[in-house]
Amino acid sequence: MEKLIRLTKQKACATCDICCRFPEEKPNLKPTGFKLIKNKELFICEAFDLKTGKCLKYSKRPLDCKIYPFAAAKSPDKENIMLVLDHLCPAAKKINTKKEILKTKIEAKNPIEWEETFVPVKALKKTGISNDILNELTTSDILFFNSYLPADSGLSAFSFAYHFVWEDFFKFYWKLIDGALCIFAKDIDNTFMPIPPLLPLEKTITTAVYERCFEIMETQNKGRTEARIENIPENRAGELEKAGYRIVKKDEEYLYERKKLEHLSGDKFKHIRWLINAFKKEKNYAFKKYSLKHLNGCADLLFKWLSEKKKKAANDNESFLLKNIDKAHKRAFMNFEALGLEGRVLTVGDKVAAYTFGTPLGKKTFCVMFEVADHEVKGASQYIFMKMAGEFPRYKYFNTMGDEGIKSLRENKIHYHPLKTVPEFIAYSKGKQ
Ligand code: SF4
Ligand code: SF4
């Protein structure tokens, strides 16, 4: 244990007064084997030297102190002992969780209770307890969520941002069932799974996991709405169908070869190139990385774009989407970094003429989640899309999501000659029609 790496930088600890001093006599996180002594409003560890701010037993300090800001804690549902990172520590966010934790051996002994400031890192051990309690998933949990994603799924739902841009409408929860990360989304009277259960290293999900997921959803929904798992890839939809679940096709996502979108060579892209050349005649245009200084310009463009689109909405589905989509875009403007989104803007003079946000889907595919362009600026949409494709050369494919049954959206996506479409499915409870 003496070889344990130091997890936080010494400089960060020298200017911080969180460790070794506690607000209560019996805190949840405490140094095992050391007494706490009351000192004014606080309880101080007996080995802490108030004058120097140093630990007098540094080489003999307990494991709790050695691994902090990591700790072993019971998950809120008490079903697992988790390795957690305490975000109360100001240095915690700077720790490269995967790298540090691979080097550090932490045992699941004497787990402490869950605290609001804990962020799950990985499951260490099952406790043997089983219940229907769900654990809240927040934007701080992105690394935990990502660690369960397959190396390449191709579908947009296999990204953190896809779900959390809708946080105004849903609260998200997680539960580990037989080692699989199961994500649930909840609104007032509806609990569903926005993504099928996830297991690292592409292991197979057993039917017992699906059965437990449906049991939990049915208990929560109390018959008000039907339990369902959304955004299921084709191969897993087949497994679920064999297991007796009712499968319905949801949508198809468009997949392109990224290089072709970047170069737009050949006759089939002639019209797009013509529009791009028309755009290039604009004076003072610039393509930039999105930052918060573009927030107001993007919000103005979104407002203009939505007012035009709402007037032309062809059906109820399109109207419904347009009514709610502004909240998702605003989440992306405000929280792009926390959501793992890459944003780009196209400005003409001091105005935003187009913006786009996307996120990686594993190692091979990049997903463009939003693109909004000013229709009065000819070619702005085509120019920003081409530039975005050039920004991410490490990805072989670009996914532009589905068309939601909207004709104009479908025509636009087909115009770029997709390599293929990738279907996604919904699974409903067994025995229901
Ligand atoms: S809370 Fe973090 S930064 Fe502060 S003293 Fe403890 S380990 Fe160091
Ligand atoms: S043992 Fe040392 S590091 Fe641990 S709480 Fe006490 S003074 Fe701090």
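Select ligand 1 together with its shell in this predicted model, and colour the residues by class: 10 of them are nonpolar and one is polar, while no charged residue takes part. Of the 11 residues around ligand 1, those to label are Cys13, Cys16, Ile18, Cys19 and Cys89, which come nearest.

Move next to ligand 2, whose surroundings include the cysteines Cys19, Cys20, Cys45, Cys55 and Cys65, together with Pro31, Phe34, Ala47 and Phe48. Lys57 and Arg61 also belong to this shell, which by class holds nine nonpolar and two charged residues but no polar one. Keep Cys19 highlighted as you switch between the two ligands, since Cys19 is listed among the residues around ligand 2 and is also one of those that come nearest to ligand 1.

Now show the strands as a cartoon and select E6, E7 and E8, which form an open antiparallel sheet in that order. Strand E6 (70-74) and strand E8 (118-126) stand at the edges with a single partner strand each, so one side of each is left without a neighbour in the sheet. Looking along the sheet, you can follow a twist that averages 30° from one strand to the next. For the detail of one pairing, zoom in on E6 and strand E7 (residues 80-86), which are joined in the antiparallel sense over five bridges, and find Ala72 opposite Leu83 in E7.

Finish with the largest nonpolar core, which has 103 residues, and mark Val84, Ile183, Met193, Ala332 and Ala380, the members that touch the most others. Centring the view on Ala332 and leaving aside residues up to four places away in sequence, you will find Val165, Leu339, Leu341, Gly343, Phe357 and Phe370 in contact with Ala332.

How values were computed. Residues numbered from 1 in each chain as written. Chains lettered and ligands numbered in written order. Predicted model: local features only at pLDDT ≥ 70, side-chain atom pairs only at ≥ 80, totals over all residues. Near = placed C-beta within 6 Å. Nonpolar A, V, L, I, M, F, W, Y, C, P; charged D, E, K, R; others polar. Core = buried A, V, L, I, M, F, W, Y, C linked by C-beta atoms within 7 Å. Buried ≥ 20, exposed ≤ 12 C-beta atoms within 10 Å, placed from the backbone. Contact = placed C-beta atoms within 7 Å. Pairing = 2+ DSSP bridges. Helix = DSSP H or I, 4+ residues; strand = E, 2+ residues; numbered from the N terminus. Axes fitted to C-alpha atoms, helices over the stretch in contact; angles between N-to-C directions.
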